[in-house]
Amino acid sequence: MKNNRISSIFVSLSYVVGVILGLYLIVIAAWADMESSFYGFSRLADAGLDGFSCPVLMTRDETSAISLTVSNTTDNPVTPSVKVEISTPFTMDEFNENIELAPGESRKLTWSVGPGNIDLGNFIFAKALVYSAYPLPSQEANCGIFILALPGSGRLILPLLIFFSLLGMGWGLYRMKKAGTANDWLEKYFGSMVFLALTVILGFTLAFVGGWVPSILVLAVALLLIIILVGSLILSERRKRL
């Protein structure tokens with residue numbers, strides 16, 4: 001009996017840790033992109049820009065790169081100009097490129113970012129602007145990188161956080177499903193716990209692709225689900241004691 005209880009606690013803890021890690025991923029990714037939207041970059045284009053990519057997170061001593069893939073989707077050669085601004089604690093670094101693209105051609109440009117680009121304590125911000133090249137309009141996008149006060153590399157830490165989040169939620173749900181018939185509360189709310197896990201996964205997926213507004217909405221839904229589940233569990237435990 002004691003071993004079963006310990007096993008049940010471990011399974012529940014696995015699920016909870018997986019959810020917490022997932023929520024953490026949503027928060028850091030969405031927070032960085034939200035901050036970049038209000039950082040002070042000038043807005044010069046109405047159209048959004050696809051192909052602009054930043055790391056989700058980095059460590060303080062790490063050097064990484066942001067990239068921009070510029071594509072010519074027309075049937076004629078184009079010569080767009082590209083402007084990229086990257087944060088520093090003082091004035092922004094600015095880079096300008098002039099490129100020539102044949103019809104259907106794409107070109108990837110990269111810029112290095114590192115400790116000298118950290119601003120507001122825990123962020124690196126960047127903005128890319130591709131000036132109009134008829135018939136293509138001007139397009140722009142910005143992004144934020146969250147800086148962790150940890151050793152190592154964000155390129156390693158991020159996949160580990162994703163892995164342990166998915167593993168914790170997946171393994172926890174699998175074991176809970178097998179034990180569901182022995183627990184009335186679990187049998188009743190198992191579907192809600194699956195929905196919470198899927199919501200968390202959706203949230204950090206949206207945050208990773210730069211959709212900080214929808215990811216925050218998904219985060220709110222996840223937190224509401226957690227409140228409902230915790231409240232129902234507390235009521236269930238109280239009823240058992242009566």
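**Pockets, a cavity and a helix**

Reader: Which strand gives the largest share of the lining of the second largest pocket?
Author: In this predicted model, the second largest pocket is lined by 29 residues, and α1 (2-37), β1 (47-48), β2 (52-53), β9 (139-148) and α3 (184-208) each supply at least two of them. The largest share amounts to 5 residues, and the element that provides this share is β9.

Reader: Which residues of that lining lie nearest the centre of the second largest pocket, and how much space lies in the pocket?
Author: Nearest the centre of the second largest pocket are D33, A141, N142, C143 and G210. Sorted by class, its lining has 15 nonpolar, 9 polar and 5 charged residues. The space in this second largest pocket comes to about 540 Å³.

Reader: How many cavities of 30 Å³ or more does the structure hold, and which strand supplies the largest share of the lining of the largest cavity?
Author: The count of cavities of 30 Å³ or more is 1, and about 30 Å³ of space lies in the largest cavity. The residues that line the largest cavity are S42, L44, K83, E85, K127, A128 and L129, which divide into 3 nonpolar, 1 polar and 3 charged. Both β5 (81-86) and β8 supply at least two residues of this lining, but the largest share, 3 residues, comes from β8.

Reader: Is N117 buried or exposed?
Author: N117 sits in the loop between β7 (106-113) and β8 (123-130), and, apart from residues up to four places away in sequence, N117 touches I86, S87, T88, D93, S112, F123 and I124. Its relative accessibility is 8%. The cut-off for a buried residue is under 20%, so N117 counts as buried.

Reader: T88 is one of the residues that N117 touches, so which backbone oxygen lies 2.4 Å from a polar atom of the T88 side chain?
Author: T88 is found in the loop between β5 and β6 (93-98), and T88 is buried, with a relative accessible area of 8%. If neighbours within four places in sequence are left aside, the contacts of T88 are Y39, D93, G116, N117, I118 and D119. The backbone oxygen that lies 2.4 Å from a polar atom of the T88 side chain belongs to T91.

Reader: What distance does helix α2 reach from its first C-alpha to its last?
Author: Helix α2 covers residues 154-179 and has 26 residues. At 1.5 Å a residue, a span of 38 Å is expected, and the helix comes close to this with 37 Å.

Reader: Which residue caps the N-terminal end of α2?
Author: To find the cap, look for a side-chain oxygen that lies 3.1 Å from the backbone nitrogen of R155. The residue that holds this oxygen, and so caps the N-terminal end of α2 within the 3.5 Å limit for a polar contact, is S153.

Reader: Which residues of α2 are buried?
Author: An α-helix has 3.6 residues a turn, so residues three or four places apart point the same way. With that in mind, one can read along the buried residues of α2, which are G154, I157, L158, L161, S165, G168, M169, G172, L173 and M176.

Reader: What is the separation between the C-alpha atoms of L202 and K177?
Author: L202 has its place in helix α3 and, at 45% relative accessibility, counts as partly exposed. Along the chain, L202 and K177 are 25 residues apart, and the separation of their C-alpha atoms is 22 Å.

Note on methods
Residues numbered from 1 in each chain as written. Predicted model: local features only at pLDDT ≥ 70, side-chain atom pairs only at ≥ 80, totals over all residues. Heavy atoms only, no water. Helix = DSSP H or I, 4+ residues; strand = E, 2+ residues; numbered from the N terminus. Buried < 20%, exposed > 50% of the residue type's maximum accessible area, 1.4 Å probe, protein only. Contact = heavy atoms within 4.5 Å. 1 Å grid on protein atoms, 1.4 Å probe; cavity = no way out; pocket = protein on both sides within 12 Å on 5 of 7 lines; lining within 4 Å. Points joined across faces, edges and corners; volume = space filled by probe spheres on them. Nonpolar A, V, L, I, M, F, W, Y, C, P; charged D, E, K, R; others polar. Expected span 1.5 Å × (residues − 1). Polar contact = N/O pair within 3.5 Å; in protein donor to acceptor, adjacent residues only side chain to side chain.
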